[in-house]
Amino acid sequence: MSADPLGIGLIGCGKISETYVETLAGSDEVRILRCADLDAERARVVAHAAGATPSTTGEVLADDRVRLVLNLTPPAEHADVALAALAAGKHVYGEKPLAASREEARRVLDEAAGRGLTVGCAPDTFLGPSWQRARELIDSGAVGAPVAARGTMLGPGPESWHPDPAFFYRPGGGPLLDMGPYYLTVLVTLLGPVARVSAGARRTFDIRRVTGGPRLGDLLPVEVPTHVAAVLEHEPGAITTLVTSFDCWDVVHSVELWGTEGTLGLPDPNGYAGVVRRRGRELNGKGEATGVEREPYRRGLGVVETARAIRHGETPRASGALAFHVLDVLLSILEAAEAGTVVDVASRCERPAPLVAPAAVA
């Protein structure tokens, strides 16, 4: 452990917290000090795993040793928890999406700016070695000028495996807002911000039945679209097609990118590693594989990178501005689908600077 690791207070001890705890335990730059949840027993279990103190949210916010609040609450609570943390003088790193609405997300960013505090936000998978390799290939001109891309996230929904899947079908959930941030974040970091969108969407089932886990047999009212198809026009000129669905029995999680001089086959954006396959004019139709095929799942890499940015007075790569633009685009997609029209995206963001080497956790 370094002499002065950044103190973290974790709020929200659901399933994803287990992976964050495991990842952050491998870093000497941060230390989880307190863990809080509405369910005191869950807070106790996660705190024990983290070597931290089980706490209430109030105790997390009152602890002067906690400099960064790790906000892992459900999407509808993201903004309220972030605002409370900022009011207490804490930096914030949250799970995606940044908030459930543009208005809430803007309040979070404005509050942070007014207090001189940092907001970071998942997803951080674009920091992984394979995505940084893809960025290197694009920036070096290895595929020429980007022309188009395709992001596909198809699956049958989380009710067969998640211990408490109801929130996936409430506002702030659905395949677009739940999984779309992974795809859109990597596409924005590779191709630049999105200027306009068009889309179609449907809610295939009004009720979903839980088929596994502790809530087996529960009926879940569906309040959000569960199949969304969109066309995105990136400001630099590339056009992306993005499909996210909880209504398909086939499972497809991948990205492809086409340029004037070559193509890239890219892995699941929900992970940090995977094979990057390139075909180019100079390869005479043959392909070459690069990237890292296997790597431990490292959810929380962005927390470590944000801690480094805070320490050096810099903006983290997994920034609030990037997360706001991603949220803005996703909500614009839903609005375009509902209105049956093209929607201009008001926000913009800078592409995060590439990493010389992916930030190490251990």
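**Exercise 1. Find the salt-bridge partner of Asp-218 and state how accessible each residue is.**

Solution. This is a predicted model. Start from the carboxyl group of Asp-218. Its salt-bridge partner is Arg-215, with 3.8 Å between the closest N and O atoms. The cut-off is 4 Å, so the pair qualifies. Next, check accessibility. Asp-218 has a relative accessible area of 31% and is partly exposed. Arg-215, at 38%, is partly exposed too. Elsewhere, Glu-29, Arg-308 and Arg-311 form one network through salt bridges that share partners.

**Exercise 2. How many salt bridges does the whole structure hold? Work through the pairs of Arg-65 and Arg-102.**

Solution. The search over the whole structure returns 24 salt bridges.

Step 1: take Arg-65. Its partner is Asp-63, and the closest N and O atoms lie 2.8 Å apart. Arg-65 is partly exposed at 48% relative accessibility. Asp-63 is buried at 9%.

Step 2: take Arg-102. It pairs with Asp-328, with the closest N and O atoms 2.4 Å apart. Arg-102 sits in helix H5 (residues 102-115) and Asp-328 in helix H9 (residues 320-339), so this bridge ties together parts 226 residues apart in sequence.

Step 3: add accessibility. Arg-102 is partly exposed, with a relative accessible area of 22%. Asp-328 is buried, at 4%.

**Exercise 3. Where does Asp-37 lie, and what does its side chain reach?**

Solution. Locate the residue. Asp-37 is in the loop between strand S2 (30-36) and helix H2 (40-50). Its relative accessible area is 16%, under the 20% limit, so Asp-37 counts as buried.

Now follow the side chain. It reaches the backbone nitrogen of Cys-13 at 2.7 Å. It also makes a polar contact with the side chain of Arg-42, at 3.1 Å.

Finally, list the contacts, setting aside neighbours within four places in sequence. They are Gly-12, Cys-13, Gly-14, Arg-42, Ala-43 and Ser-55.

**Exercise 4. Explain why Cys-13 and Cys-121 form no disulfide.**

Solution. Recall the chemistry. A disulfide covalently links the sulfur atoms of two cysteines. The distance test is 2.5 Å between sulfurs.

Test Cys-13. The closest cysteine sulfur belongs to Cys-35, and at 5.0 Å it is too far for a bond.

Test Cys-121. Its closest cysteine sulfur is in Cys-349, 12 Å away, which is also too far.

Check burial. Cys-13 is buried, at 4% relative accessibility. Cys-121 is buried as well, at 3%.

Conclude. The structure holds zero disulfides.

Key
Residues are numbered from 1 along each chain as its sequence is written. This is a predicted model: local features need pLDDT of at least 70, side-chain atom pairs count only at pLDDT 80 or more; totals for chains, interfaces and linings use all residues. Side-chain values use heavy atoms; hydrogens and water are left out. Buried means under 20% relative accessible area, exposed over 50%, partly exposed in between (1.4 Å probe, protein chains only). Helices (H or I, at least four residues) and strands (E, at least two) are DSSP runs, numbered from the N terminus. A polar contact is a pair of N or O atoms within 3.5 Å; within protein, one must be able to donate a hydrogen and the other to accept it, and residues adjacent in sequence count only if both atoms are side-chain atoms. Contact means heavy atoms within 4.5 Å. A salt bridge is a side-chain nitrogen of Lys or Arg within 4 Å of a carboxyl oxygen of Asp or Glu.
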